[in-house]
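Reader: Please take a close look at one strand in this structure, and at what surrounds it. I would like one connected account.

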Amino acid sequence: MTDTTFGNRSQIAVVFDQAAAQRRCMQYRRRILDISQQVTALHAAGAFSAMEMVDYIYHGLMRRNADGTSSDTFIMSKGHSCMAQYVILEDMNVLSRTDLDLYCKPGGRLGCHPDYGVPGIEASTGSLGHGMGLAVGMAHVDKSRGDNRLVFVMISDGELQEGSTWETMMMAANLDLDNLVGLLDHNGSQSFGHTRETHPKFYPIREKVEAFGWECAEVNGHDASAIHKAVMCRQGGRPFMLIGNTVKGRGVSFMENKPIWHYRSPTKEEYTQAITELKEICS
Amino acid sequence: MRNRFAEVIYEIGCKDDRICALVADISPAGSMVKFREDFPKRFINCGVAEQAMIGIAAGMALRGMRPFCYTIATFSLYRPFEMVRVDLCYQNLPVTVIGMGAGVIYSTLGGTHHTMEDVAVASAIPNMTVLAPCDPEEMSLATRWCATESAGPVYMRLGKAGEPDLTANAIEPFQVGKVRYLKKGSDIALLSYGINVAMAFDIAKQLEANGNSVSVLSCHTIKPLDKEGVRQVLASHDRVAVVEEHVPHGGLGSRVKEIAWDMGARCRLDCFSLKDEFIHFYGNHEELLNVHGLSVPAICTQLLEQK
């Protein structure tokens, strides 16, 4: 099946413009911070840890038709990071500026978690441990039909505590889904603590993923070119998981690795400081 | 019902390549084996992983498939409940969850395998349709409806095997969303669904022997319930009884009482159900129902008492 799936690497941009990705990610973070000033809760930190990987999914992995559309699918299983997705969809004109301005407001259609039916959103997520099953079902149908489509699913390390994630990862390998790519935003942090403290015996993650029949690579999840290289060097023939080691709140010093920023929005003063600090991230 | 279900799924699956079956480690009976052999890509045994079964089915539905998820009721609905709620109902996807052997059919397997509150649980979720056909023929029609017409998720409560044919002489056709008169009388109406309709017929026989004219209805669509149909039943009989193998709250009995209150029904209304208890009794299905108070003699005695 590699012919119809990842064997078709030529369809994925061979050269990925890292500088352009850095510029975009900085702009995306700024936009998220701007929106944070309109609402009390934003999950900005989780969006910041996922930013480079989500950017790479949209701008590097998803193969585009001439009109900009794609038959490939992206599911944000860690739904609370959908802000990273919204700002990219806005940049791609899939969502409008008004959509984002009305984020979490009456009359708007974007909430704290992605809803199926909103343009660019291919599945409803928010409750953790659901996205992998949806992705496996989609990838299985695509593969069975011989459709040349890839399914990308981003999960959080917190989701690896959900049994359903492993149930469905097990099935992905059993179904030989070489058209499925998981991206793990491994920021080591969840709502109420650090995962290394809550689950110290769980590490290293990579061998667990491989034990379930997946190919797995581990990179700095903020380094676009490292992400690109890892994906391009994939052997194929199995589902593939990219572990991106990331920093929660990446880009704003006082947000980095502080669990409190899982949920809350910065105050006006914090916002000003964050914007000042925010600079291009060179991995 | 189990074997007939497999036959129907196979038959529909031959014509419609959107039909797929996902099971959770349940021994595929009869034609289900044929389905698996003839359509291997449309048959997935997820193993003992019910959350995976529902989640993957949802993903397949998002790609235009019309999956059926099949296992013992308690495992198809309770274990993966949040997948049913979020993946299927919140996204409103045309996936049918089959709850096999619902009620206390698996009597001696004990409370872990009894499904006594599924109608309440499934009915509580927005977008969900709840069906409980009473015999193999109704099941077959209901399955066809799920396969071709339903626009969203369905929970279908089934029996096990060996259910008698109860609808060959039905005086009304099967139509999803409508209560169905299987036999029409004028004094007492018995409302039931699923495997308990057979019990309703036995009750009717005894009531008739005592000089009553009895209606028996299959309320195969519990959600959305045919309110107008129920209103007419309540208005046109002196006595109405609901018989269901389900806890007292949240099932058909509760719904009929709501309707009766709203319309100011004048008839006498009795609801017979399982007790709101986990009963640690080991015997066959009928014996366990008896301990719950669901037996033909007990129900007849109460119905024949003076009003």
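Author: B:Val240 is the bridge partner of B:Ala189 in E11(B). The model is a predicted one. The pairing between E8(B) and strand E11 (residues 239–243) of chain B is parallel and runs over five bridges. B:Ala189 also has a bridge partner in E9(B), namely B:Ser215. E8(B) pairs with strand E9 (residues 214–218) of chain B over five bridges, again in the parallel sense. Between these two strands the chain passes through helix H8 (residues 196–209) of chain B, and this β-α-β crossover from E8(B) to E9(B) is right-handed. Further along the strand, B:Leu191 stands opposite B:Leu217 in E9(B).

In a regular strand, side chains alternate between the two faces of the sheet. In E8(B), B:Ile188, B:Leu190 and B:Ser192 point one way, while B:Ala189 and B:Leu191 point the other way, and all are buried. Buried here means under 20% relative accessible area. Because five of the five residues of strand E8 (residues 188–192) of chain B are buried, the strand is largely enclosed by the rest of the structure.

The wider sheet is open and has five strands in the order E7-E9-E8-E11-E12 (chain B), with mixed pairing. At its edges stand strand E7 (180–183) and strand E12 (268–272) of chain B; each has a single partner strand, so one side of each is left without a neighbour in the sheet. On average, neighbouring strands of this sheet are turned by 25° against each other, direction ignored.

Helices lie against these strands. Helix H10 (residues 252–263) of chain B lies across E8, E11 and E12 of chain B, and runs at about 165° to E12(B).

The crossover helix, H8(B), has 14 residues, which at 1.5 Å a residue should span 20 Å; its end C-alpha atoms are 20 Å apart, so the two values agree. Buried in H8(B) are B:Asn196, B:Val197, B:Met199, B:Ala200, B:Ile203, B:Ala204 and B:Leu207. They cover an arc of only 145° around the axis, which puts them on the same side of H8(B). These buried residues pack against E7, E8, E9, E11, helix H11 (285–292) and helix H12 (296–304) of chain B. The exposed residues B:Lys205 and B:Ala209 are on the face of H8(B) turned away from its buried side. After H8(B) comes B:Gly211, with a positive phi near 90°.

How values were computed:
Residues numbered from 1 in each chain as written. Chains lettered and ligands numbered in written order. Predicted model: local features only at pLDDT ≥ 70, side-chain atom pairs only at ≥ 80, totals over all residues. Heavy atoms only, no water. Buried < 20%, exposed > 50% of the residue type's maximum accessible area, 1.4 Å probe, protein only. Helix = DSSP H or I, 4+ residues; strand = E, 2+ residues; numbered from the N terminus. Pairing = 2+ DSSP bridges. Right-handed = clockwise from strand over helix to strand, strands pointing away. Axes fitted to C-alpha atoms, helices over the stretch in contact; angles between N-to-C directions. Contact = heavy atoms within 4.5 Å. Expected span 1.5 Å × (residues − 1). Arc of directions from axis to C-beta.
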